[in-house]
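Student: I am new to this structure and would be grateful for a close look at one part of it. Please take the aromatic rings and the residues around them, and set them in the context of the whole protein.

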Amino acid sequence: MNDVEGVAPGRWQWNGWLTPKGRVIALFALARMAADTLWLIVPDADAEALAAALQRYVLRRQLSVALRDDLHASGAFEAPAVAVGAQFAGDEASAVEFDFSGFGVPRTLRIASVQAGVDPDSETRWAAGDLRLGFPRLPASQAEQWTPQQLSLDRIGAFSVKKGCYPGQEIVARTHFLGQAKRGLALFEAAQAPDVGVSVEVGAGALGQVVSTARNGEGHVVLAVLPVERPDAAISASGIALRERALLAGLAR
């Protein structure tokens with residue numbers, strides 16, 4: 001759903017794959033490793049299913065779509081050594097680093113042939129950082145539910161309204177040019193995590209829906225799709241009080 005041709009070698013962008021009705025199936029970082037090589041770094045969706053779906057569009061092109069099970073991703077809460085913004089650094093032989101920082105929060109993603117140790121607490125902290133920076137971590141139940149505008153993906157430049165045809169492009173472009181994006185992401189903190197998919201309510205009335213949650217220290221952060229214009233009143237989900245917070249400036253792009 002983004003302009004791949006506009007990505008020069010050595011640079012990356014946020015991107016995604018949509019249904020014909022313009023609903024997000026998967027979100028990922030797309031990196032142009034070379035003129036003829038792209039990497040899709042998929043945090044949540046089924047990468048094998050995504051590869052199979054993309055393969056159906058190859059037709060007669062000399063193109064292959066494959067999973068790379070010889071490479072592994074790891075993260076660090078520190079500034080990248082060389083990478084900055086949309087410019088990644090390194091190579092496949094050693095390691096490739098990406099700048100996943102945002103709003104003064106340094107984070108580095110590394111792709112390498114050596115697998116790092118698993119640290120569940122750090123993975124949870126990383127996910128919470130994604131949510132605070134406006135990158136929704138979508139479980140399978142939230143796939144094919146939301147348009148890019150409803151997930152406020154314009155904040156991280158994850159879709160294009162100018163490139164040529166792609167599945168869902170007509171819906172995305174029409175919403176953009178007619179100014180009809182009436183819903184978007186809102187960030188909350190909560191003492192407990194409401195279930196993903198439950199209604200967000202004001203009093204007895206449903207207002208929107210929870211799309212992502214992550215533990216953050218002793219509490220939780222919550223992303224929900226809500227009307228852009230909504231009442232200034234107490235908001236809850238499954239009886240859990242939600243305290244609204246401002247989304248941070250967004251991830252590097």
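Tutor: A residue is called buried when its relative accessible area is under 20%, exposed when that area is over 50%, and partly exposed in between. Aspartate 130 has a relative accessibility of 4%, and therefore counts as buried. The model discussed here is a predicted one.

Aspartate 130 is a convenient place to start. This residue belongs to helix α2, which covers residues 120–132. Setting aside residues up to four places away in sequence, aspartate 130 touches Arg107, Phe135, Arg137 and Leu251. One of these contacts, Phe135, leads directly to the aromatic rings, since Phe135 is a member of a cluster that ring pairs link together. The other members of that cluster are Trp12, Trp14, Phe77, Phe88, Phe98, Phe100 and Trp126.

In total, the protein has nine aromatic pairs, counting rings whose centres lie within 6.5 Å. One such pair is formed by phenylalanine 88 and phenylalanine 98, with 5.3 Å from centre to centre and an angle of 40° between the planes, an arrangement classed as tilted. Phenylalanine 88 sits in the loop that runs between β4 (72–76) and β5 (89–91), whereas phenylalanine 98 is part of strand β6 (residues 95–99); the pair therefore ties together parts that are 10 residues apart in sequence. Both of these phenylalanines are buried.

Another member of the cluster, Trp12, leads to valine 7. Valine 7 lies in the segment before β1 (12–18). Its relative accessible area is 7%, so valine 7 is buried. When neighbours within four places in sequence are left aside, valine 7 is in contact with Trp12, Gln13 and Arg32. A separation across the model can also be given from this residue: the C-alpha atoms of valine 7 and serine 199 are 38 Å apart, and these positions lie 192 residues apart along the chain when counted as a separation in sequence.

Beyond helix α2, the chain enters the loop that runs to α3 (169–177), and glutamate 144 is found in this loop. Glutamate 144 has a positive phi of about 65°, although it is not a glycine. With a relative accessible area of 47%, glutamate 144 is partly exposed. Serine 152 is found in the loop between α2 and α3 as well, and phi of serine 152 is also positive, near 55°, in a residue other than glycine. Serine 152, however, is buried, with a relative accessible area of 10%.

These details may now be placed in the whole protein. The protein contains three helices and 13 strands. Its C-alpha atoms fill a box of roughly 55 × 40 × 30 Å along the principal axes. A compact globule of 253 residues would have a radius of gyration near 18 Å, and the protein, at 18 Å, agrees with that expectation. Of the 253 residues, 44% count as buried. Among contacts between residues at least 6 apart in sequence, 64% join residues at least 24 apart.

As for the surface, the accessible area of the protein comes to about 13,300 Å², and 50% of this belongs to carbon and sulfur atoms. The protein has 24 positive and 27 negative side chains, and the centres of these two sets lie 7 Å apart.

Notes: Residues are numbered from 1 along each chain as its sequence is written. This is a predicted model: local features need pLDDT of at least 70, side-chain atom pairs count only at pLDDT 80 or more; totals for chains, interfaces and linings use all residues. Side-chain values use heavy atoms; hydrogens and water are left out. Helices (H or I, at least four residues) and strands (E, at least two) are DSSP runs, numbered from the N terminus. The radius of gyration is taken over C-alpha atoms; the globule rule is 2.2 Å times the number of residues to the power 0.38. Buried means under 20% relative accessible area, exposed over 50%, partly exposed in between (1.4 Å probe, protein chains only). Contact means heavy atoms within 4.5 Å. Accessible areas come from the Shrake-Rupley method with a 1.4 Å probe; for residues, only the protein chains shown count as cover. Lys and Arg count as positive and Asp and Glu as negative; His and the chain ends are not counted. The place of a charge is taken as NZ of Lys, CZ of Arg, CG of Asp or CD of Glu. Rings of Phe, Tyr and Trp (its six-membered ring) pair if their centres lie within 6.5 Å; planes under 30 degrees apart count as stacked, over 60 as edge-to-face and the rest as tilted.
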